[in-house]
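Me: Could you pick one part of this model and take me through it slowly? I'd like to know what pairs with what, and what sits around it.

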Amino acid sequence: MVFLLVYVVLVAAAAYIVGAIRRMMTPTADFTSLKTVTFGDEAAVRPDRAASVISVLVIFLIWGAFTGSKWVPIHVPGPFMGETAFSYVAQSPSGETAEGRVTVLVTEAGAEAEPPEVAPTSGFVQNDSAVTAAWRSVLISAQRNDGEDARIISVEGRPIQPGETVSVPDGTVTMTNRGSLNFQPGKGLQMEPIWMPPPEAVVTRFVDIAQNGFQNTPLWSHLGWSIWRVFAGFLLGSLVGIPLGYAMGLSGWVRGWFDPIVEFMRPVPPLALIPLVIIWFGIWETGKIVLLFLAALWVMTIAARAGVSGVNLAKVHAAYSLGANKRQILRHVILPNSLPEVFTGARVAMGVCWGTVVAAELVAAQKGAGMMIIAASKFQQTDIVLMGIVLIGLIGFGIDILMRIAENILVPWKGRG
């Protein structure tokens with residue numbers, strides 16, 4: 001919730017600041033600025049590159065701020081580290097009470113240190129000390145040093161019973177059922193590296209794996225195998241899905257025959273098909289490609305069918321009036337007018353395939369970006385998991401850009417009626 005709130009505030013602030021700066025500058029006169037109606041007009045809505053750049057910077061800033069990164073100038077409060085202490089009162093079986101003090105040293109995760117030295121006392125209560133790491137807790141059996149059958153009755157002046165928690169300087173203390181004290185240092189708002197490492201840790205891991213590989217395989221080999229699987233599944237899904245979609249859009253019989261199948265399989269997630277794919281096609285490459293093929297098939301089928309259904313009927317009538325036959329109608333009217341929908345479906349299908357490749361490589365994969373993510377997650381190597389996610393996202397984004405360029409070249413009439 002804190003992440004979301006900070007993100008929303010930064011988005012609103014960036015929009016306000018950029019808008020104010022632009023209002024102070026002379027607006028650039030172009031076709032869009034001359035339009036009298038822009039709301040609801042898709043042609044008047046273009047991506048704001050300043051917003052894109054700021055969006056990436058905001059995400060990086062939030063990531064660094066909540067992980068204590070050295071690459072960003074601001075940070076949210078982090079976990080407490082250093083020496084702290086709290087007092088407690090113990091009671092002997094005879095009813096006598098005395099006060100003791102516990103000193104705790106909180107270190108960085110993985111650091112080794114000795115418990116702090118404490119001064120001796122003259123009463124039956126003896127001071128105690130302990131050492132723990134940030135984001136961790138330490139069990140302190142302080143009553144064991146306070147004489148036989150002594151029990152702790154208050155911490156920092158507040159009564160405490162087994163199961164209760166009391167706030168102390170720089171943390172909290174919870175009494176266990178056996179009367180011991182469990183000290184938890186303050187965590188702050190920063191995330192523990194095991195859950196979310198800082199950006200520099202991910203970059204360092206990337207450089208290491210790029211140079212030395214992962215599990216005796218070069219990084220580029222892992223990425224190459226994933227790209228090959230995705231393209232193989234996508235191409236097979238397109239080769240089957242596009243003709244099937246056109247047939248469903250042009251023939252009532254074909255549409256009636258395949259419509260129940262397509263509409264039934266479309267909402268089924270590819271992950272649910274993994275057991276059947278393993279049983280039918282095995283655990284090697286064939287099974288992985290079949291899973292990606294099924295992920296792309298239904299998207300491409302629906303896109304092609306929607307492209308045919310969206311063709312302007314007036315164009316079909318005009319072609320018929322000029323003497324065109326069905327073959328010419330298909331080639332010169334239906335196919336060109338449906339291609340924009342097909343390209344949109346192809347971009348969606350490619351994204352679905354990239355989202356499915358991790359699941360496909362879950363099954364007995366020796367190479368692949370998804371295999372790296374899965375293997376690293378088993379050992380809580382979150383930096384490798386994030387590195388794999390970033391690489392998959394960048395490759396998928398790059399492929400989407402190439403598909404947009406291809407669409408602009410092959411379908412220049414898109415959006416022009």
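Reply: Let's walk through the open sheet strand by strand, then look at what lies beyond it.

Quick housekeeping: this is a predicted model, so local features need pLDDT of at least 70 and side-chain atom pairs count only at pLDDT 80 or more, while totals for chains, interfaces and linings use all residues. Residues are numbered from 1 along each chain as its sequence is written, and side-chain values use heavy atoms, with hydrogens and water left out.

The sheet has five strands in the order S3-S2-S1-S5-S6, with mixed pairing. (Strands are DSSP E runs of at least two residues and helices are H or I runs of at least four, both numbered from the N terminus; two strands pair if DSSP finds at least two bridges between them.)

Start with S1, residues 82-91, which runs antiparallel to S2, residues 97-107, with 10 bridges joining the two. Side by side along that pairing, Phe-86 has Val-102 as its bridge partner in S2, and Ser-87 has Arg-101. In a regular strand, side chains alternate between the two faces of the sheet. The two strands make a hairpin with five residues between them, and Gly-95 in the turn has a positive phi of about 95°.

On its other pairing, S1 meets S5 (residues 151-155), again antiparallel, over four bridges. There, Gln-91 is partnered by Arg-151 in S5. Seven of the 10 residues of S1 are buried, so the rest of the structure largely encloses this strand. (Buried means under 20% relative accessible area, exposed over 50%, and partly exposed in between, with a 1.4 Å probe and protein chains only.)

Now for the parallel part of the mix: S2 and S3 pair in that sense over six bridges, and Thr-107 stands opposite Ala-133 in S3. S3 (128-133) and S6 (158-159) are the edge strands, each with a single partner strand, so one side of each has no neighbour in the sheet. Even so, S3 is mostly covered, with five of its six residues buried.

What about the residues just after S3? Glu-192, from the loop between strand S9 (181-185) and helix H3 (199-212), contacts Trp-135 and Arg-136, leaving aside its neighbours within four places in sequence. (Contact means heavy atoms within 4.5 Å.) The side chains of Glu-192 and Arg-136 are joined by a polar contact of 2.4 Å. (That's a pair of N or O atoms within 3.5 Å; within protein, one must be able to donate a hydrogen and the other to accept it, and residues adjacent in sequence count only if both atoms are side-chain atoms.) Glu-192 itself counts as buried, because its relative accessibility is 9%.

Trp-135 also brings in the nonpolar cores. (A core is a set of buried Ala, Val, Leu, Ile, Met, Phe, Trp, Tyr and Cys residues joined through side-chain atoms within 4.5 Å.) The largest has 59 residues, with Phe-234 and Met-387 touching the most other members, and helix H9 (residues 326-360) gives the largest share, 12 residues. A second, separate core of 24 residues includes Trp-135, Ile-140, Val-155 and Leu-181.
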